[in-house]
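User: Please take a close look at one part of this model. I want the surroundings of a single residue and the packing it takes part in.

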Amino acid sequence: MTPEDFYMALKELGFDLSQKQKDQFQRYFELLVEWNEKINLTAITDKDEVFLKHFYDSLAPVLQLLDIGAGAGFPSLPIKILCPNLDVTIIDSLNKRITFLNFLSDELGLSGVHFYHGRAEDFGQDKAFRAQFDIVTAVPLHVCKFSQN
């Protein structure tokens, strides 16, 4: 899926991206490829494949999103670009990923994104995180223990 096909598909779904949002997706792609050479963020780096398998597949409008083990920021940051008013919280166990995601968020001019370094199991016991999010993404899902009990 070329970037142009990506933008047209989103437009057909009712999301007419601004030039700023298009620039953010382009810069995200550029930084992903650049940083991937240093810290192996993803096996998918072909532009059309990134726009299809990372950006397009990541998008699902929500209000509050918790992304556990976000890695390179998928799916939370493509969703954030599409829905700028979304509040996003990202937890990852590797601080080098958090460093990249902080840099990426600043570079893209994203606000309302919160980063936490740590393990899902630990945050799952923290009442500030339990049952506070509309959507929780995690891969693999079996590590997510955020129940209301």
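Analyst: Here is a close look at one tyrosine, Tyr28, and the helix it sits in.

This is a predicted model, in which local features need pLDDT of at least 70, side-chain atom pairs count only at pLDDT 80 or more, and totals for chains, interfaces and linings use all residues. Residues are numbered from 1 along each chain as its sequence is written, and side-chain values use heavy atoms, with hydrogens and water left out.

Tyr28 belongs to helix α2, residues 19-39. Helices are DSSP runs (H or I, at least four residues), numbered from the N terminus. Tyr28 counts as buried because its relative accessibility is 0%. Buried means under 20% relative accessible area, with a 1.4 Å probe and protein chains only.

Next, its neighbours. Leaving out residues up to four places away in sequence, Tyr28 touches Phe55, Ala72, Gly73, Phe74, Leu77, Pro78, Ile81, Leu104 and Leu108. Contact means heavy atoms within 4.5 Å. Leu108 is 80 residues from Tyr28 along the chain, yet their C-alpha atoms are separated by 7.3 Å.

Now the helix packing. α2 packs with helix α3 (residues 47-58) at an angle of about 110°, and the axes are 11 Å apart. That makes α2 roughly perpendicular to α3, a label for angles of 65 to 115 degrees. Axes are lines fitted to C-alpha atoms over the stretch in contact, and angles run from 0 to 180 degrees between N-to-C directions. From α2, Phe25, Gln26, Tyr28, Phe29 and Leu32 make the contact. From α3, the partners are Lys47, Val50, Phe51 and Phe55.

Note on methods:
Helix = DSSP H or I, 4+ residues; strand = E, 2+ residues; numbered from the N terminus. Buried < 20%, exposed > 50% of the residue type's maximum accessible area, 1.4 Å probe, protein only. Parallel < 35°, antiparallel > 145°, perpendicular 65-115°, else oblique.
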